[in-house]
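The paragraphs below lead through this protein by way of its strands, its helices and a few points of its backbone. Please keep the sequence and the structure in view while reading.

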Amino acid sequence: MAVCMGLVTRLPLCAQGRGRFFDSLHRHLSSPGTAILKREEPPAGSAELGEEARAPQKTFSEVQKERHEQAQRSILISCPKKVPEKRLLKYLCQHGEITNHFFFESFGIHAVIEYSKKESIASLQDSTFIPYGETEFPIPFKSRFFNISLKNPSSQISDGTLVRCSDQSSPSNVDLMQMLCNAESVEGQINTLMRILQITEENIRLRYLTCSLIEDIAAAYFPACTIKPFGSSVNGFGKLGCDLDMFLDLDDIGKNSAVKVTGSFLMEYQVKNVSSERWATQKILSVIGECLDNFGPGCVSVQKILHARCPLVRFSHQPSGFQCDLTANNRIALKSSELLYIYGTLDSRVRALAFSVRCWARQQALTSSIPGAWLTNFSLTIMVIFFLQKRSPPIIPSLDYLKNLAGAEDKCIIEGNDCTFVSNLDRIKPSENTETLDILLCQFFEYFGNFAFNKNSINIRKGKEQNKPDSSPIHIQNPFEPALNVSRNVNENQLERFVHLARESAWILQQDDKIQPSKSRSHPWGLAALFLPSVSNKSKAKKPGKGPSNETIRKLLESIKADSTKRSTATREKRTTQS
C-alpha cells in the first residue's frame, strides 16, 4: 500500500554523476528482527504520564537514559496529508513490534514510531530506497528520517480512519485568557496554566528523537558520542514551543578507552592536538555544523556561532519545528538542568509557581526571546526557587543541604566547580509547609517588590541573601559557578520595571474584586488580571526624561530651521540691494 523512501539531502546533479560516495556516512545496522503485530494503541501521552506520576522517584540520570533508549528505537516519518492510520501501522509492523506512536503537524504530517527493538529499524532501512531525480542528486545518508507515500492514493485513502495529530503548540492568548477565566479559583488558574503550557509527553519524545537523529550524523566522526538535551526540554519547566538546547558529549569516548589490559605495551590512538580545549570545541562544532548543513535531512538555516563565550551551532529542524542550539561538552548546563528537575519533582508547587511567574513576565514584556537587557526565564526560575527556600518552613531546601545529603556516587567536579548534590530523591525529606499557590504567588510579588536589590544578591546555594559582590543592578549567583552573575545582562531600567510590576501585581491579588470570578466569566480576574497590560506599560511613552527630551529636541530643531530661514532671506535681500 505504501512506498517508503529514505529522506535525504539533495544537491544539483553535477559532473561526478551518480557514483557511490560519502560511504563513511552510511549507517550499517544489524539484521532485522521478527515482526510482531501489537494491538492498536492510542497516541502516547496520558498513559506514560500516569506511569511517571506513580513513580516520581526516578533519578534524573535514569530518566535521561530511558528517554535516550526510546529515541534510539524510534523513527520519524513524513506522511501524505491523507493517510489511513491502521493500514500505515500494519505496514510498518512488518519490521517489528511497535510499542508507541503518534502523529503531529509541522511542515506537513509526520509520525513518530517507536519499535520495541532497534533491529526493526535495520529491517525497515533495508527495504527503503534512496530516490533519484532528474535534476537533483541525493546525498545517500541512511538516516532514521523517512518519507512514505501511497502507491495508489485514490483507492486507499478512503480505506480506514485518517490520522489524528497531537497538538504541539501553545494556545492563543485569547484562548488562554478564556481558560483562566473559567477556573474556580486563583490556585485553579495557576494549575490550569501549567497544564496547558507545559511540554507534553509526545513533545518530550520528539525532542529526544531529534537529538538522536543529530547524534547519528555526529557519530560518523565520533562513533561513541552522545547528544543530550538540556535546559527547558528536560528540567520540567519547559513550555510548548521552547527552543531545543543540546550538547555533544564526547566524555564517554575517553571513559570507554580507559580499559586496563595486561602486557608490556600501552596502546593509544593517534590524534591531532590543538592548543586549547576551546579551540578543539570550535573545530569539532565547525565540522558538525558543516555536516548538518550539507548532509542533515530537515536541518536548515545552519549558523556556526563559534566565537561566543560558549561556542554553538544554531539551526532549525523543520520536521520537528524546533529551533536548536548545539554546544559541546556543556556538562555544567546539564547539572543545572538536573538540579531544577530535582526541585520541580520535590514539590508540585515549584513548577506551578514558576510557570505563572514566567508567563506573567512574558505577558508584561519583562522577558523576550531576543537577547538583551531583560530578565531570562532561568533567572526568574532561580528567583522562584530562592523565594520558596525562604518560606517558613522552607518548601524546598538549599543547594548546600542537597550537597550534604549526597553520597559518594554523587560526587561531581566540573572544570574545578563543585557540582555535587544528592540524586536520590528518597533521601530528601518532604516539606511540612502547606501554603497554597494563590498565597505563594501574591507573596512572591510582595517579596521581590520590596527586595533590597541594591545591596543583596540571590543565592540558592545558601538559601539566603548575600552581600552583592559588584555594582550590577541585580545579582543572581550561578549555583555552580559562584563567580558568575546569571542576571548580569539586566539594566537598571528593566529592574525598576520588574519591581514596579511586582508591586502592582501583589496589590491586584489583594483586592477582593480581583480574586473572585465574575458572574459572566468574561472579565479577567485573578491570574488573568495580571496578564493585562500594566498602567505603566500604557504610559511608558510619557515617562519623565523621554517625552520632554524629545519635545525639547524637536523645538530646538524647529528653532534652528527658522533661524536658518531668516538668515537665508536676509542674505537674498542684501544681494538684491547690492545688485
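In this predicted model, strand β3 (residues 74-79) and strand β7 run parallel and are joined by 3 bridges. Within this pairing, Ser-78 stands opposite Asn-147 of β7. Of the 6 residues of β7, which spans residues 145-150, 5 are buried, so that this strand is largely enclosed by the rest of the structure. As a general matter, the strands of a sheet pair through backbone hydrogen bonds, in either a parallel or an antiparallel manner.

The wider setting is a protein with 19 helices and 16 strands. Buried residues account for 46% of its 579 residues. When the contacts between residues at least 6 apart in sequence are considered, 72% of them join residues that are at least 24 apart.

An open sheet of 5 strands can be followed in the order β8-β9-β12-β11-β10, and its pairing is mixed. Its edges are formed by β8 (226-230) and β10 (299-305), each of which pairs on one side only. Direction ignored, neighbouring strands of this sheet are turned against each other by 25 degrees on average. At one edge, β8 is joined to strand β9 (residues 244-249) by 5 bridges, and the two strands run antiparallel; here Lys-228 has Phe-247 of β9 as its bridge partner.

Two helices that pack on this sheet can be described next. Helix α8 (residues 201-218) touches β8, β9, β10, β11 (312-317) and β12 (322-328), and its direction makes about 150 degrees with that of β8. Helix α10 (residues 277-295) also packs on the sheet, where it touches β9, β10, β11 and β12, while its direction makes about 160 degrees with that of β10.

A helix-to-helix contact is found further along the chain. The axes of helix α15 (residues 437-449) and helix α16 (residues 492-508) come within 8 Å and cross at roughly 140 degrees. This angle makes α15 oblique to α16, because only angles over 145 degrees count as roughly antiparallel. The crossing of these two helices is left-handed. From α15, the residues Cys-442, Phe-445, Glu-446, Phe-448 and Gly-449 meet Phe-498, Val-499, Ala-502, Arg-503, Ser-505 and Ala-506 of α16. The residues of this contact divide into 7 nonpolar, 2 polar and 2 charged.

Some details of the backbone remain. In general, most residues other than glycine have a negative phi, and most peptide bonds are trans. Between Ser-392 and Pro-393, however, the peptide bond is cis, with an omega of about -5 degrees, and Pro-393 is found in the loop between α13 (377-389) and α14 (399-404). Ala-365, which is not a glycine, has a positive phi near 60 degrees; this residue lies in the loop between α12 (348-363) and α13. With a relative accessible area of 38%, Ala-365 is partly exposed, since that class lies between the 20% limit for buried residues and the 50% limit for exposed ones. Glu-415 likewise has a positive phi, of about 55 degrees, although it is not a glycine. The loop that holds Glu-415 lies between β13 (413-414) and β14 (417-418), and Glu-415 is exposed, with a relative accessible area of 61%.

Technical notes:
Residues numbered from 1 in each chain as written. Predicted model: local features only at pLDDT ≥ 70, side-chain atom pairs only at ≥ 80, totals over all residues. Heavy atoms only, no water. Axes fitted to C-alpha atoms, helices over the stretch in contact; angles between N-to-C directions. Helix = DSSP H or I, 4+ residues; strand = E, 2+ residues; numbered from the N terminus. Parallel < 35°, antiparallel > 145°, perpendicular 65-115°, else oblique. Left-handed = near helix turned anticlockwise from the far one by under 90°. Contact = heavy atoms within 4.5 Å. Nonpolar A, V, L, I, M, F, W, Y, C, P; charged D, E, K, R; others polar. Buried < 20%, exposed > 50% of the residue type's maximum accessible area, 1.4 Å probe, protein only. Pairing = 2+ DSSP bridges.
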